[in-house]
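New to this one? Take a look at the model below, and then we'll walk through a few spots worth finding.

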Amino acid sequence: MKTGGNWRARLRYEFDKSMAGGAVALIGWLALISLVVISLAGAFLALTGIAPEGGEPVSFIEGTWASLMRTFDAGTMGGDQGWGFRLVALVVTLAGIFVFSALIGVISSGLESKLDELRKGRSRVLESDHTIILNWSSSIFDVISELVIANQSRRRPRIVIMANKDKVEMEDEIATKVADLKNTKIVCRSGDPTDLYDLDIVNPQNSRSIIVLSPEDEDPDSQVIKSVLALVNDPKRRPQPYMIAAEIRDAGNADVARIVGGKEMQMVLADDLISRIVVHTSRQSGLSAVYSELLDFDGCEIYTIEQPALEGKPFAAGVMAYENCTLIGICDRDGKIHINPAPNRVIEPGERAVIIAEDDDSIRTWSNEINLAKEAILTPVKRPVGPERTLVLGWNRRGPIIATELCRYVTPGSHLTIAADTPEFEADIAGLHLPNGNMTIEHHVIDTSSRAALDRLNIPSFDHVLVLGYSDDMTMQSADTRTLITLLHIRKIAEGAGLHINVVSEMTDVRNRELAEVTRADDFVVSNKLVSLMLAQASENEFMAAIFAELLDEDGSEIYMRPIGDYVAIDRPVNFFTVALAALRRGEIAIGYRRQRGDDEDHRNLGGVTVNPSRSEMLTYSSDDMVIVLAQD
């Protein structure tokens, strides 16, 4: 039972404390015994007048000093003369041997205990302004990697990790899987992140931020909620609010987590986040690169910062006020996020701008002249959208959320086919409740890694194919291996049919993405990586969870990729200021583009995606290029 584990941790803590206090007390008693013996010997020599043969009687001070020297060094009595003095020196020396032997034993035992405590990771952390990571999962390495990048501008950054895992094992795994820690130091501690006494070891009172990962246990959400509860309700907690980013898997536990964490916690609904990104990416190839670019610390990031220069201006004017940044929304004085508000909404004093920028130091308004090619801006054309046929291969706990999200975006008459062979698959399908009647569902229990089974599904007849990993029933690597086999079969089917099949796949390990690229799938959503990026960002920006909740909400403005030829003429060079104005006239915000040309450099493997481009640079676009916009639909 977990309660028993907490009591054992408390007893262990009290025992270690009592042992430490006992050692100090024992050293004190040994020192007192030594002092008494030395003082008695000095007094005895002074009162009796016993002195070395041929020597003068000694005073109390001289007798005490002589006794002290024989206590420190047994060999000192070797030169004594006279049997009376020799007997006194012998008694003092024997007492010294006993006391110092015991003292050495106590010190040795104490040092050994302390070294063992250090090895086990039970010593208290003395760091301040550090980031704490609670619990251990496969996501921790990506979280650390992102925090290392974010910490490069800081002085002596520290990351403190606590989990129910051996300290040495944690250090070895991190050293193996995180190649370069740059200027960041990692401190590992073993303990129970749900226990108050163990949490005190990582010194949360002086922390900068706290990340609570979802552990790889049977009931991970309860562990996360208990850890947050222990932090915010600690009787010794600091008066200032914590900055907590917590990972919750099941949306059904969200309300309880919000009650526990309050305003101190940003909640990252991992399954909900990944499911929504998978759905968006399956309908618009390349979106996963946009989300990755917005979430990682290696490129552009989202900042929430006051901009006095924008006060009193309409939002549309603010959008056009930057050359190397992109204004996407407003955080009002109550802390509520408004992504892509009305163009005529006036920015009030005290409100913060939500801005995409390379760095917060680079956020400044454009003072030069804005060159706009207004004649290149095209009139909006409404493109008809018809019913869609979507195929989902594979299944995991995110499957029901994905099916529900798909139904929200498709038009009436659409159809979804799901094929998998997990133990809970048919029960999950039977329990599906779609929000509207826009989409019908059928399912097949098949081995999705079998070419014969895939041929029977007539894959070329579908508009979109989505391959989910079997991450609930297999290890990470086994699930990705089965996904790779399915993707290779789909590639061969597409080649045999002589057409392109739009395929998006969910991967769990980012290292397998490079292997999967030989399958020629249109896009890959690396679930563990995106959750890690979101947690790392939320630990640095207190509004990040709210911003992405708006970006992924079907009722708000979302990220879309649309042909740039629908916005501006592509027969001449134009700058991104012109593209941004064309988007604003449609009630949208242009945040970047995706170019299909193979000669463009793509060092970060983003599939030609550029977020937050320079707005003054003149570019010539092709008919295959896309503009990335924030729009209502």
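Here is a quick tour of a helix pair, a covered helix and a loop residue.

Keep in mind that this is a predicted model. The tour starts with helices H7 and H8, moves on to helix H17, and ends at Ser139, which sits in a loop.

**The H7 and H8 pair**
- Helix H7 covers residues 220-232 and helix H8 covers residues 254-261; their axes come within 9 Å and cross at roughly 15°.
- Angles under 35 degrees count as roughly parallel, so H7 runs roughly parallel to H8.
- As for handedness, H7 and H8 make a left-handed crossing.
- On the H7 side, the residues that meet H8 are Ile225, Val228, Leu229 and Val232. Their partners in H8 are Val256, Ala257, Val260 and Gly261.
- Sorted by class, that contact has 7 nonpolar residues, 1 polar residue and no charged ones.

**Helix H17**
- H17 takes in residues 527-540, and because each residue should add 1.5 Å, its 14 residues should span 20 Å. The end C-alpha atoms are 21 Å apart, which agrees.
- This helix is mostly covered, with 12 of its 14 residues buried.
- Among the buried ones are Asn528, Leu530, Ser532, Met534 and Gln537.

**Ser139 and its contacts**
- Look for Ser139 in the loop that links strand E1 (131-134) with helix H4 (140-150).
- Is Ser139 buried or exposed? Its relative accessible area is 5%, and buried means under 20%, so Ser139 is buried.
- Setting aside neighbours within four places in sequence, Ser139 is in contact with Asn528 and Ser532. Both Asn528 and Ser532 are on the list of buried H17 residues.

How values were computed
Residues numbered from 1 in each chain as written. Predicted model: local features only at pLDDT ≥ 70, side-chain atom pairs only at ≥ 80, totals over all residues. Heavy atoms only, no water. Axes fitted to C-alpha atoms, helices over the stretch in contact; angles between N-to-C directions. Helix = DSSP H or I, 4+ residues; strand = E, 2+ residues; numbered from the N terminus. Parallel < 35°, antiparallel > 145°, perpendicular 65-115°, else oblique. Left-handed = near helix turned anticlockwise from the far one by under 90°. Contact = heavy atoms within 4.5 Å. Nonpolar A, V, L, I, M, F, W, Y, C, P; charged D, E, K, R; others polar. Expected span 1.5 Å × (residues − 1). Buried < 20%, exposed > 50% of the residue type's maximum accessible area, 1.4 Å probe, protein only.
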